[in-house]
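Trainee: I have this one open on my screen. Please walk me through it.

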Amino acid sequence: MASRAPVEFYIAVTPAPTLGPDTFVNERPLNTQAGRGSVFGGLLIAQAISAASATTDPEFHAYTSSSSFVRPVVKTQVTYHVDRVSDGHSYATRIVRATEGDTSDDAVLVYVATISFQKRIDGGSVLSYSEPPPDLQGMAPDDIAQGNGRQQIEAHRTGSLQPFTPDDEPFDWRPAGLELGDLPSDARTMGFSRSPPLSTAGRTTAATNLAALAYMSDELLLGVAIFANSDALGGPKSPNVATAVSLNHHLWFHDPGVRVDRWMVGERRTSCGADGRVLIHQKVWDHETGRLVMTCVQEALIRLKGPKL
């Protein structure tokens with residue numbers, strides 16, 4: 001039996017029946033991000049999907065997830081409370097509330113997600129099409145040295161912009177292109193990513209892959225807004241940034257058969273910055289088939305430092 005890949009540890013939850021029905025806790029202690037003192041949001045998104053999936057029939061798969069980060073998570077364990085909102089013949093809905101606190105009396109709500117499931121529909125009764133991946137001019141993952149993606153991010157580490165650096169890398173990121181234009185909304189970042197091979201233990205099905213894909217969707221995501229506004233943020237180290245945090249994160253899974261341990265192609269951009277918030281868009285395709293497997297939209301808060309008086 002193959003050992004579990006790093007991402008399988010990060011997305012894993014375990015039932016906690018003594019805390020209530022349909023209640024789960026993270027299997028591995030949560031790690032805070034250096035320089036922030038709060039937990040990486042991708043952990044919460046992925047673990048909420050894992051918890052919700054554990055309350056559905058295996059024939060159902062998550063097809064959308066809408067997350068709101070209510071408060072920073074600062075403890076090493078959270079509790080996921082799953083509410084079975086609806087169970088139909090083909091569709092199901094779950095609301096997941098994550099709390100931190102040692103007892104029910106001092107539990108504090110930190111995260112909320114609405115996750116929808118459906119049975120897979122096969123046959124000719126549905127439309128089937130997708131936007132093609134970006135044209136990378138024949139570039140392949142093996143053309144890029146392993147570790148280049150993390151090195152690129154490390155060059156921009158400073159203050160509140162320091163990314164989550166896990167003990168063992170869940171995904172291999174390889175940048176495949178950076179584009180700038182006259183406007184921040186013209187900027188694009190493109191690249192390849194995949195996890196080490198997943199194990200065959202446990203529920204290594206759509207539930208595992210989709211939760212892992214959700215984790216990946218938040219890794220390094222704020223970087224595109226930083227890259228697109230480098231001049232306003234003060235250059236490569238972004239010294240003008242006072243605060244940068246995620247507010248909400250929305251996912252649409254287009255292929256329950258996606259395998260995160262195969263190469264995927266991603267494209268990220270930002271469309272708007274207004275009233276202290278930025279909007280970031282992401283699409284991910286299976287590299288081999290060219291099929292769109294996930295769409296993501298995140299709203300984040302970025303505040304700049306005021307002038308010194």
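Trainee: How many bridges join strand 5 to strand 6?
Mentor: Bear in mind this is a predicted model, where local features need pLDDT of at least 70, side-chain atom pairs need 80 or more, and totals for chains, interfaces and linings take in all residues. Residues count from 1 along each chain as its sequence is written, and side-chain values use heavy atoms, without hydrogens or water. Strand 5 covers residues 91-100 and strand 6 residues 108-119 (strands are DSSP E runs of at least two residues, helices H or I runs of at least four, both numbered from the N terminus). They run antiparallel, and the bridges between them number 10.

Trainee: Which residue in strand 6 is the bridge partner of Val96?
Mentor: Look along strand 6, which runs antiparallel to strand 5. Opposite Val96 you'll find its bridge partner, Ala113.

Trainee: Which strands stand at the edges of the sheet?
Mentor: The open sheet has 12 strands, in the order 1-2-4-5-6-3-9-12-11-10-8-7, with antiparallel pairing (two strands pair when DSSP finds at least two bridges between them). Each edge strand has a single partner, so one of its sides lacks a neighbour in the sheet; these are strand 1 (13-15) and strand 7 (172-179).

Trainee: What angle does helix 2 make with strand 6?
Mentor: Helix 2 (residues 41-53) packs on the sheet, touching strand 6 and strand 9 (241-253), among others (contact is heavy atoms within 4.5 Å). Angles run from 0 to 180 degrees between N-to-C directions of lines fitted to C-alpha atoms, for helices over the stretch in contact. For helix 2 against strand 6, that gives about 50°.

Trainee: And at what angle does helix 4 run to strand 9?
Mentor: Helix 4 (residues 206-218) lies across several strands, including strand 7 and strand 12 (292-304). Against strand 9, helix 4 runs at about 150°.
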